[in-house]
Amino acid sequence: MFKVCAAGIIPVVLMFFFSSCVPKGASASAPGAVEGEEGFLALVIPGAFPLWFELNSAVPVQISSPDESVPLPFTPWPSARHIAGMTVGKGRLVMAVNREGLLILAPREEALALYWLQGGPAWESYTVGAVFRYQENPAALLYRNDFFLQAESASRLPPPLDRVWGLTGAFQLMPIGGAFADMPAQEGWNLEDLRFGRDGLWHYRGARESSSQREVRYSRAVDLEVPGKMSSFGLFTKAAVPYTANEAPKLLGMVLEGAVRLVSPVRPIAAVVSPAFPGLRYYTGNSGIPQGTELDTTELAGFYREGEGAEGALAALVFPGGRLLYAAEPDGTARLRLASLPPLPEGFFYTRIGMAGSALIAAWEEQEHWNTGAAGFLVIAMPDGADY
């Protein structure tokens with residue numbers, strides 16, 4: 001079966017799944033190309049034209065642009081379907097979809113294999129609190145978020161018994177036991193936050209509710225497979241202090257400093273995904289900013305890859321509106337370039353970026369204060385930029 005588009009004719013096999021007109025040079029084909037792998041949906045062929053996907057149904061749906069996404073009521077983000085985080089490992093980009101499961105993009109020659117692994121009922125009532133690597137495998141932490149719930153509603157929902165879910169074997173999403181043994185879920189502990197600190201330790205916070213009080217505990221561990229040791233609020237807070245550009249790898253530091261120049265006199269914060277980091281790592285511009293300088297609370301989405309494999313070293317930052325700064329070393333010389341991702345409608349923003357092979361993947365959301373409406377992701381070849 002063929003579908004005629006303004007840019008040319010391309011084969012489309014599964015019309016009910018990929019229903020939009022895909023320009024020449026960027027396409028998505030249907031299941032059947034990769035046999036015997038659980039959760040396989042399609043082969044996606046990145047190109048210069050954007051491939052847009054939304055998360056409004058049981059499987060990701062390809063759309064022509066976010067303008068065409070199905071209107072959804074705004075929902076507080078802990079309960080909304082959106083890409084809550086990314087991690088990269090073993091050549092695969094893994095995205096955790098809040099309340100749903102994992103999306104995976106794995107390079108396959110000139111294409112990307114797209115997988116969709118749903119967590120089922122165990123994911124539907126809980127919030128993704130962190131995306132990280134556990135035992136070197138992509139993993140997600142689930143927790144009960146009470147902030148936007150009525151107290152009586154929250155009390156009826158216990159903390160998740162299966163709170164760490166990992167990607168194991170050949171694309172299987174399964175609960176993983178053994179982590180956070182010092183705060184057992186069976187005793188009512190709800191793991192509300194997890195971060196990897198500058199001290200090389202995992203820091204996490206748990207809470208336990210009773211009829212009369214709320215007990216909060218802080219722990220830290222060098223390895224999540226062993227029980228953590230008692231910590232403190234101060235150490236937990238210190239673990240969230242961002243790294244500076246001076247502490248970043250060369251390419252990433254270059255891009256961070258470029259972002260500072262773009263938004264001066266404010267100093268941006270970047271949330272960076274990298275196969276070199278066990279979890280999300282925050283960076284900001286270098287210290288030494290004059291007293292009274294405004295600090296920009298807008299979070300940039302970042303990605304960093306060391307110079308391994310055919311793709312080579314790369315660092316990139318995306319502003320919420322789509323402005324893209326990146327640096328690479330194609331000939332041994334680092335170059336900082338400025339480009340743009342495809343524009344989003346008003347009220348839509350880019351929230352995370354990653355790389356799968358040579359393709360750039362960007363999560364996007366429709367936002368209104370603390371609420372999320374439509375959400376999805378973009379697949380596109382790295383745009384050409386101008387020297388900056």
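How many bridges join strand β14 (residues 164-168) to β15? Select both strands in this predicted model, and you will find that four bridges join them and that the two run antiparallel. Within that pairing, pick Trp165 and look across to β15, where the bridge partner of Trp165 is Pro175.

**The sheet from β12 to β15**

Now widen the selection to the whole sheet, which is open, consists of four strands in the order β12-β13-β14-β15, and is paired in antiparallel fashion. The edges are taken by β12 (127-134) and β15 (172-175), each of which has a single partner strand, so one side of each is left without a neighbour in the sheet. If you view the sheet from the side, bear in mind that its neighbouring strands are turned by 25° against each other on average, direction ignored.

**The sheet from β16 to β19**

Move next to another open sheet of four strands, whose order is β16-β17-β18-β19, again with antiparallel pairing. Here β16 (190-196) and β19 (229-230) stand at the edges with a single partner strand each, so that one side of each has no neighbour in the sheet.

Start with β16 and β17, which are antiparallel and joined by six bridges, and select Leu191 to see it standing opposite Gly206 in β17. Follow the chain into the hairpin of these two strands, where five residues lie between them, and stop at Gly200, which takes a positive phi near 80°.

Continue along β17 (residues 202-209) to its pairing with β18 (residues 214-221), an antiparallel arrangement in which eight bridges join the strands. The connection between β17 and β18 is a hairpin that passes through four residues. Two cross-strand positions deserve a selection here: His203 stands opposite Arg220 in β18, and Tyr204 stands opposite Ser219 in β18. As you step along, remember that in a regular strand the side chains alternate between the two faces of the sheet.

**Aromatic rings**

With side chains displayed, turn to the rings, for which the count comes to 13 aromatic pairs. One of them joins Phe196 and Trp202, whose ring centres are 4.9 Å apart and whose planes meet at 65°, so the pair is edge-to-face. Are both of these residues equally buried or exposed? Phe196 is partly exposed, with a relative accessible area of 24%, whereas Trp202 is buried, with a relative accessible area of 8%.

For a stacked pair, select Phe277 and Tyr304, which lie 6.4 Å apart centre to centre with 20° between the planes. This pair links distant parts of the chain, since Phe277 belongs to the loop between β21 (267-273) and β22 (281-284) while Tyr304 belongs to strand β23 (residues 295-305), 27 residues apart. Phe277 is buried at a relative accessible area of 5%, and Tyr304 also counts as buried, at 8% relative accessibility. Add Tyr243 and Tyr283 to the selection, and you have one aromatic cluster formed by Tyr243, Phe277, Tyr283 and Tyr304.

**Charges over rings**

Keep Tyr243 on screen and add Arg198, whose charged end sits over the ring of Tyr243, 4.7 Å from its centre. For the last stop, select Arg323 and Phe319, where the charged end of Arg323 sits over the ring of Phe319 at 4.8 Å from its centre.

Note on methods:
Residues are numbered from 1 along each chain as its sequence is written. This is a predicted model: local features need pLDDT of at least 70, side-chain atom pairs count only at pLDDT 80 or more; totals for chains, interfaces and linings use all residues. Side-chain values use heavy atoms; hydrogens and water are left out. Rings of Phe, Tyr and Trp (its six-membered ring) pair if their centres lie within 6.5 Å; planes under 30 degrees apart count as stacked, over 60 as edge-to-face and the rest as tilted. Buried means under 20% relative accessible area, exposed over 50%, partly exposed in between (1.4 Å probe, protein chains only). A charge sits over a ring if NZ of Lys or CZ of Arg is within 6 Å of the ring centre and within 35 degrees of the ring normal. Two strands pair if DSSP finds at least two bridges between them. Axes are lines fitted to C-alpha atoms, for helices over the stretch in contact, and angles run from 0 to 180 degrees between N-to-C directions.
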